[in-house]
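User: I would like a close look at one part of this model, written for someone who works at the bench. Please start from a single contact and build the picture outward.

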Amino acid sequence: YDLEFINVSTLDDTVTLTVLEDNYLNFNFMKDIESRVYNIKNEFTLKKVDDTYKIVNYNKVQDFYVMITDVYDGGGASRLKEIEGEYLDLINEKLEDDREDYQQFLNGTGIETKTCDHSYDRDKALEHALKWVDDRDPDWLEFSSNCQNFASQVLYSGGIPMDYYGSASEYLQWKLYSGSYNENQVAQGYVYTWTYVPYFYTYAKDNTGYGLCADVDVNLYYAEAGDVIHVGTTGPTRHALVVIGDYKVDGKTVDILVNSNTVDLENYPISAYSYPYLSLIKVYGWNE
């Protein structure tokens, strides 16, 4: 772990500390690869009680915690126990689906590919995903929630052109030319499909004309470098990840490795991602 204290503020008998955390992990099943997580924001609120400061509030912007805060609205320990049970049920369902997907993958079934006018340059896409995982490319705008923006940059680096055709309100445009929001069919401004996970999913699913040629909810084990994975608590709408490769044991794929921005993940196995919902967005190329 590396910890960086970035803010300390005091008000009367209350102190607020903001700490950025980087951590480095070696998962037991792939000890030869170091996974890294950067810029995890921790915020502590401490209040003086008698002659001692005690933690009265703590918030951590990391998936394990966000999963709880997404669905918890009070109720104490009994409600937290219910949430635990609900998640375990979802994870067990997910494991069953994973087993079926893996068997289809081994059999070479469970996927329908698309033919596009132009192919996707996965090498260029991967280059961007590796270079900017724990930094921000100065050639692009940065957002506080940067995950889908990062994923969109990766696709663009792989040759997918911006698309200002179609209705922006139906999420059929995909562009970021500047920092001004612009729904018009012009090469100006940006639209939310570039930056917002659910809207990009709709674009990838529904776009049939010019621009991105992709498919959604594809068997995870067919993921390749440059593809995008969406994950979430109540649906795959919370966070965007970029596939950088897979991890093999005895020649067989056993996990998918991802990079991401916001909480910056590097060489992270998707199996260690605790969100119960997941969607692979398979990128094939683009159409004229």
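Analyst:
**Strand E3 and its partners**

Let's start with a cross-strand pair: Lys48 stands opposite Tyr53 in E4. The model is a predicted one, in which local features need pLDDT of at least 70 and side-chain atom pairs pLDDT 80 or more, while totals for chains, interfaces and linings use all residues. Numbering runs from 1 along each chain as its sequence is written, and side-chain values use heavy atoms, without hydrogens or water.

Strand E4 spans residues 52-60 and pairs antiparallel with E3 over 8 bridges (pairing takes at least two DSSP bridges; strands are DSSP E runs of at least two residues and helices H or I runs of at least four, numbered from the N terminus). The two strands make a hairpin with 2 residues between them. In that turn, Asp50 has a positive phi of about 60°.

E3 itself covers residues 35-49, and 11 bridges join E3 to strand E2 (residues 14-25), again running antiparallel. Within this pairing, Val15 has Leu46 of E3 as its bridge partner. E3 also pairs with strand E10 (residues 264-269), through 3 bridges in the antiparallel sense. Here Val37 stands opposite Leu265 of E10.

Now follow E4 to the surface. Ile55, Tyr58, Phe64 and Tyr65 form a nonpolar patch there (residues over 30% relative accessible area and without a salt bridge, nonpolar side chains joined within 5 Å, like charges within 9 Å; a salt bridge puts a Lys or Arg side-chain nitrogen within 4 Å of an Asp or Glu carboxyl oxygen). Together these four have about 390 Å² of accessible area (Shrake-Rupley, 1.4 Å probe, with only the protein chains shown as cover for residues). Both E4 and helix H1 (63-71) contribute, each supplying at least two residues of the patch. Phe64 is one of those lying in H1.

Finally, there is a covalent link elsewhere in the chain. Searching the whole structure turns up 1 disulfide (cysteine sulfur atoms within 2.5 Å). The disulfide is formed by Cys116 and Cys213, with their sulfur atoms 2.2 Å apart. This disulfide is left-handed because the torsion about the S-S bond of Cys116 and Cys213 is about -70°. The pair ties together distant parts of the chain, 97 residues apart: Cys116 sits in the loop between H2 and strand E5 (118-119), and Cys213 in strand E6 (residues 211-218).
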